[in-house]
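User: Got a minute to walk me through this model? I'd like the fold before the details.

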Amino acid sequence: MSEIQDREKTRHGTGTPTTAQAPAAPSGLLGRISARTAQRSPAAVSWIRQAALLPVLIVILIVGASQSAAFFTVGNLVSGVGQQVSALGVTVVGESLILLIGGMDLSLE
């Protein structure tokens, strides 16, 4: 009897169920990577996830500094970044106070 017929009989309840074989562990590089991943502690995985964007941020800072001489100046931080952050900060503080007081629901209706 073919394997397909065995599966059909097992699915319809007319045959004896066959035991499923566990997939073989990957060998070579994939096996070593999966073994290392299984050995990591949850704290290490959490730290790796938190620091995943740090290299990207460093690259962005390097590219910004190489493209503009005014990138790391105090004037850029105060006039450019400071003004943009302050507008968002005022909005966040206002919404937080409204939510704490309980005067408004911010859900979309």
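Analyst: From the N terminus on, the elements run α-α-α-α-α. That is five helices and zero strands, where helices (H or I, at least four residues) and strands (E, at least two) are DSSP runs numbered from the N terminus.

User: What should I know about the source?

Analyst: This is a predicted model, where local features need pLDDT of at least 70, side-chain atom pairs count only at pLDDT 80 or more, and totals for chains, interfaces and linings use all residues. Residues are numbered from 1 along each chain as its sequence is written, and side-chain values use heavy atoms, with hydrogens and water left out.

User: How many of the 109 residues count as buried, in percent?

Analyst: Just 2%. Buried means under 20% relative accessible area, exposed over 50%, and partly exposed in between (1.4 Å probe, protein chains only).

User: OK, helix α5: what do its end C-alpha atoms say about its span?

Analyst: The 28 residues of α5 (residues 74-101) should span 40 Å, taking 1.5 Å times one less than the number of residues. The end C-alpha atoms are 38 Å apart, which agrees.

User: Where does α5 bend?

Analyst: At Gly82, by about 40°; that's the angle between axes fitted to the seven residues ending there and the seven starting there. After α5 comes Gly102, with a positive phi near 85°.

User: Switching topic: how many aromatic pairs?

Analyst: One aromatic pair, counting rings of Phe, Tyr and Trp (its six-membered ring) with centres within 6.5 Å. The rings of Phe71 and Phe72 have centres 5.1 Å apart and planes at 75°, so they sit edge-to-face (over 60 degrees; under 30 is stacked, the rest tilted).

User: Are those two Phe residues buried or exposed?

Analyst: Phe71 is partly exposed at 27% relative accessible area, while Phe72 counts as exposed at 57%.
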